[in-house]
Amino acid sequence: MKVVIIGAGIGGCTLALALSKMDIEYVLLEQAAAFQEVGAGIQISPNGVQILEQLGLGQVLPTFCTEPDFHKYSVWDSGETVLKTPLMPLVREAYGHAYYHAHRADLIDALTAGLDQGRLQMNTKVLSVSQDETCARVTCQSGEVIEADLVIGADGIHSIVREQWFRADPPRESGYVTWRGVVDADAISHLDIPVSAYVDMGPRLSFVYYFVSGGKKFNWLALGQTDDPKRESWSQTASQEEIIKAFDGWYDRPRQVIEATPEIFVTALHDREALSTWVADRIALMGDAAHAMLPYHAQGAVQSMEDAWVLARTLALHGDDPLDALKRYEGLRYDRANLIVQQSRNAEGWYHVDTPAEIEARNARFRITNEKLDGGFSPQQHWLYSYDAERAAQGTDDDWRALRAWS
Ligand SMILES: Cc1cc2nc3c(=O)[nH]c(=O)nc-3n(C[C@H](O)[C@H](O)[C@H](O)COP(=O)(O)OP(=O)(O)OC[C@H]3O[C@@H](n4cnc5c(N)ncnc54)[C@H](O)[C@@H]3O)c2cc1C
């Protein structure tokens, strides 16, 4: 069996590594001429770390990741933490794998170091995908045509595979943007910020931040609204003044962090409406191409890793009928990924409530939850973290499937 993967993002690279492990032939096509550093952090929950470890990255991850102790949800004006849920070391004890914070460039380096370079074609933009009863074909900008048994669109939120074979609708604008920056940890050492995962929640504005690069760098995101139209792009820059103005009336920490940041980027946030299917015979979608989501649960890349593992294992287990294997993959992954898309939209609402009454009600709810959990995991954390992609692919995860998904 031969598989063409379109797109060498986190999802496509994870799939390529997983297929190598299963001895399945593949070629990985990427339009960019080289892997470029994206100056941003990424949270990797244990359901993703498990997959990276299965792919042989277990030794390298601790060399560049940090291990946050808690998720801390705090109030914008006083800085009071109203909800604190555990991360490390409890996550490892409970789920067998760490919760990590990483710089994206380090993660991409670790993923691509393991790729078979002979099967990776950079500078290869795919223009179209077609299929008949015998094979699927991709046509590249260079004129090259590549045939395979299956084509997987791992080509991100603007996927041409999605557009050509599933639905040609535009991404959905959330109305929010994220300003973001990475700053040397030394530049903010006077703030004495513990190694946690933070969300500060204010009216129509939140501030998410954590250490990356083994504690040498500090990553932040401010999620808010702006009158200027912004693009869905990782390279658009913004001024300090533009964003600091938005933090008028807040407690000091966000402003101090932003002032220490040399370069600030801004990205308009989009997700996608759910597709009715991700599979058309020999062609399938994964990652953001299948289920682009807002970043509020920090699961987009992790879900692409879960897709990759389940897809590779399903092809290995049911490779005698690859079309059926694709349908099985979809059946195993569709509900979970789409529910997280929906819950990430809901989170945008409760992060950003803006009337004093709504803010007080949300904070009161969080304080009660904090007391009830008493240092334990929330049901949502448990549902996210206890997913085992290997057991899902084997069909032996009835206990996880029996969990109440989200309340
Ligand atoms: C602000 C923000 C914060 C986030 N934080 C987190 C987090 O903490 N944790 C988490 O898990 N997720 C997070 N995410 C989500 C995560 O970034 C994405 O879900 C993830 O990167 C998607 O990976 P992908 O491989 O599916 O797509 P992409 O990363 O978009 O990769 C697609 C690849 O396909 C290539 N490509 C596209 N079209 C073609 C073509 N025609 N031919 C060839 N190649 C092509 C592209 O060049 C690209 O390399 C965040 C997202 C945002 C916006």
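## Where α1 meets α5

Let's start with a meeting of two helices: I10, C13, T14 and L17 in α1 touch L107, L111 and T112 in α5. Contact here has a precise sense, namely that the C-beta atoms of two residues, placed from the backbone, lie within 7 Å. Sorted by class, the residues of this contact are five nonpolar, two polar and no charged. The classes work like this: Ala, Val, Leu, Ile, Met, Phe, Trp, Tyr, Cys and Pro are nonpolar, Asp, Glu, Lys and Arg are charged, and the others, Gly among them, are polar.

The structure is a predicted model, in which local features need pLDDT of at least 70 and side-chain atom pairs count only at pLDDT 80 or more, while totals for chains, interfaces and linings use all residues. Residues are numbered from 1 along each chain as its sequence is written.

## How the two helices cross

Helix α1 covers residues 10-21 and helix α5 residues 104-113; their axes come within 9 Å and cross at roughly 25°. Axes are lines fitted to C-alpha atoms, for helices over the stretch in contact, with angles from 0 to 180 degrees between N-to-C directions. α1 and α5 are therefore roughly parallel to each other, a label for angles under 35 degrees (over 145 is roughly antiparallel, 65 to 115 roughly perpendicular and the rest oblique). The crossing of α1 with α5 is left-handed, meaning that the near helix is turned anticlockwise from the far one by less than a right angle; clockwise would be right-handed.

## A second partner, α10

α1 also packs against helix α10 (residues 300-317), at an angle of about 25° and with the axes 8 Å apart. This pair, too, is roughly parallel, but α1 and α10 make a right-handed crossing.

On the α1 side, the contact includes I10, G11 and T14, and on the α10 side, W309 and L311 are among the residues. The contact of α1 with α10 divides into 10 nonpolar, three polar and one charged.

## Around the ligand

Which residues are closest to the ligand? They are G7, G9, G156, G287 and G300, out of 31 that surround the ligand (a residue is near if its C-beta atom, placed from the backbone, lies within 6 Å). α1, β3 (41-44) and α10 each give two or more residues to this shell, and α10 has the largest share, with four. The shell has 14 nonpolar, 13 polar and four charged residues.

## The whole protein

The protein has 15 helices and 19 strands, which are DSSP runs numbered from the N terminus (helices H or I, at least four residues; strands E, at least two). Its C-alpha atoms fill a box of roughly 65 × 45 × 40 Å, taken along the principal axes.
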